[in-house]
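Trainee: I should like to learn how to read a protein model feature by feature. Could we work through an example together?

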Amino acid sequence: MSPRTGTAGPRTLAFVESPVQLLNVLEWAHTHALGTPEDPAAGPFRSGGAGLTLVVLSPNDPMTRGQLRRMAELARDEGHEVRWEEARGGTAAPFRTVGGLAPLLRAARRIVLGDPFSRYVQLLLTITRAPDVVVVDDGTATMEFVSQLARGERLVRWHRKGGRPGPRDLIFAPVSAKARKRLTPADGRRVEVFSSMPIDETPEGVFVTANDFAWTRSRFGPPRITKGADLVGTSLVETGVVDGDRYREAVRSLAKAHGATRYFAHRRESAEKLHTLGAETGLEIVRPDLPLELIARRGPIGRTILSFPSTVVHTLPLALAGTDVRVAVCDIDPAWLTENASPRAQGFLSGVTGTARDVHRLSSVASA
């Protein structure tokens, strides 16, 4: 990764904490580099193809780190500067990271971020005075962020909504409120949302730009398509939304009914859960080294991709446009939810699949 540089700030500073966020920053840069900085046709958030520095706020999870390193290589191949920060490497790491980034934050004219719910990102937002702010997709959470911003609500992840704020939430509340203000359009501050998700409630003054995965389709594929089916995993068990036993039974039923042979694991799925799934279902467990959109586009990929409610039911149809791959979605039965699941969970998950069916004409499948 590129070493720490001086204090001369880039025009555009992007913060990512996941491989999908980094992929969507590359998609955003590809879209807005179509014009020059002086070309009005490029829109108010044009990048001109220069001056983008990607800051990776590295997590501790080994699989996520591995995918981020691969994505960082692709970003450098596109001509972008990459700055790798061990942002969680011990108690002092956040202080070192924030202190080292402060000069760049103050100098940047545009901030691009992938997770407005991240406390780390919210803290960084309180330092910058950049007049342009861009939010790229961090999966389905983008839909919830835009809705909360439109309704003037505090920023809370959908699977935690409905619960009481904890002590840490209360301590961090002033920072979160200030960050939310930075994410709200105002005189001298423009906000763009770059998304492949369907957005119903658009806050006044927010520009929404569609992400159609043009960069992914131009760089990879078309894929070789196999006759079988592939199944996409989800981390809903790990986040406490879905019961583990119910989930394993649903996977076993879907694999048997549709002849699935591979299971593409979500990067947050536990090793123990994946081992059990492989043993009980006979599925080949695949831990991708890149976001699934790139894996699918490179191929080989099954003619049918089965997924539970997740980001990929919106993104894979776009990344695989022009191929014969069919994406099908399996709803989450309310009986699968844990007793600790947010009251908002079922409605949110149903909305994810419902909108995907409407927009992409996806077919539905059911577990036994």
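Mentor: The turns that follow take up the overall make-up, the sheet, some individual residues and a pocket. Please keep in mind throughout that this is a predicted model.

Trainee: Let us begin with the whole chain. How many helices and strands does the secondary structure come to?

Mentor: The chain has 12 helices and 13 strands. Of its 368 residues, 54% are buried. Contacts may also be sorted by separation in sequence: among those between residues at least 6 apart, 71% join residues at least 24 apart.

Trainee: How does one read the open sheet, and what is the order of its seven strands?

Mentor: One reads across the sheet from one edge to the other. Here the order is β3-β2-β1-β4-β5-β6-β7, and the pairing is parallel. The strands at the edges, β3 (81–85) and β7 (206–210), each pair on one side only. On average, neighbouring strands are turned by 20 degrees against each other, direction ignored.

Trainee: Which strands of this sheet does α5 touch?

Mentor: Helix α5 packs on the sheet and touches β5 (132–136), β6 (190–195) and β7. The direction of α5 makes about 150 degrees with that of β6.

Trainee: I should like to look at a single strand. With which strands does β1 pair, and over how many bridges?

Mentor: Strand β1 (residues 12–16) is joined to β4 (residues 110–113) by four bridges in the parallel sense. Five bridges join β1 to β2 (residues 52–57), and this pair also runs parallel. One may then go residue by residue: F15 stands opposite L113 in β4, while the bridge partner of F15 in β2 is V55. T12 stands opposite R110 in β4.

Trainee: Which way do the side chains of β1 point, and are they buried or exposed?

Mentor: In a regular strand, side chains alternate between the two faces of the sheet. In β1, T12, A14 and V16 point one way, whereas L13 and F15 point the other way. Every one of these is buried, and β1 is accordingly described as mostly covered, with five of its five residues buried.

Trainee: May the same reading be applied to a helix? How many residues of α11 are buried?

Mentor: Helix α11 (residues 312–319) is mostly covered, and eight of its eight residues are buried. Among them are V312, H314, T315 and P317.

Trainee: Turning to single residues, why does H80 count as buried?

Mentor: The cut-off for a buried residue is under 20% relative accessible area. H80 counts as buried because its relative accessibility is 13%. H80 lies in the loop between α2 (62–77) and β3. Leaving aside neighbours within four places in sequence, H80 is in contact with L26, A29, L52, L54 and A75.

Trainee: Where is T97, and what does T97 contact beyond its neighbours within four places in sequence?

Mentor: T97 is placed in helix α3 (residues 93–107). The contacts of T97, with neighbours within four places left aside, are L57, E85, E86, A87 and Y120. T97 is buried because its relative accessible area is 2%.

Trainee: The backbone deserves attention as well. Which peptide bonds are cis?

Mentor: One inspects the omega angle. The bond from G221 to P222 is cis, with omega near 5 degrees; P222 lies in the loop between α7 (214–219) and β8 (225–232). A cis bond also joins G299 and P300, where omega is about -5 degrees. P300 lies in the loop between α10 (292–298) and β11 (301–307).

Trainee: What is the phi angle of F213, and where is this residue found?

Mentor: Phi of F213 is near 60 degrees, a positive value in a residue other than glycine. F213 is found in the loop between β7 and α7, and it counts as buried because its relative accessibility is 1%.

Trainee: Finally, how is a pocket read? How much space lies in the second largest pocket?

Mentor: Rolling a probe the size of a water molecule over the atoms shows where empty space is left. The second largest pocket holds about 210 Å³ of space. Its lining has 15 residues, of which M143, S147, P198, D200 and R344 are the closest to the centre. By type, the lining divides into six nonpolar, four polar and five charged residues. Helices α5 (141–151) and α12 (345–360) each supply at least two residues of this lining.

Technical notes:
Residues numbered from 1 in each chain as written. Predicted model: local features only at pLDDT ≥ 70, side-chain atom pairs only at ≥ 80, totals over all residues. Heavy atoms only, no water. 1 Å grid on protein atoms, 1.4 Å probe; cavity = no way out; pocket = protein on both sides within 12 Å on 5 of 7 lines; lining within 4 Å. Points joined across faces, edges and corners; volume = space filled by probe spheres on them. Nonpolar A, V, L, I, M, F, W, Y, C, P; charged D, E, K, R; others polar. Pairing = 2+ DSSP bridges. Axes fitted to C-alpha atoms, helices over the stretch in contact; angles between N-to-C directions. Contact = heavy atoms within 4.5 Å. Buried < 20%, exposed > 50% of the residue type's maximum accessible area, 1.4 Å probe, protein only.
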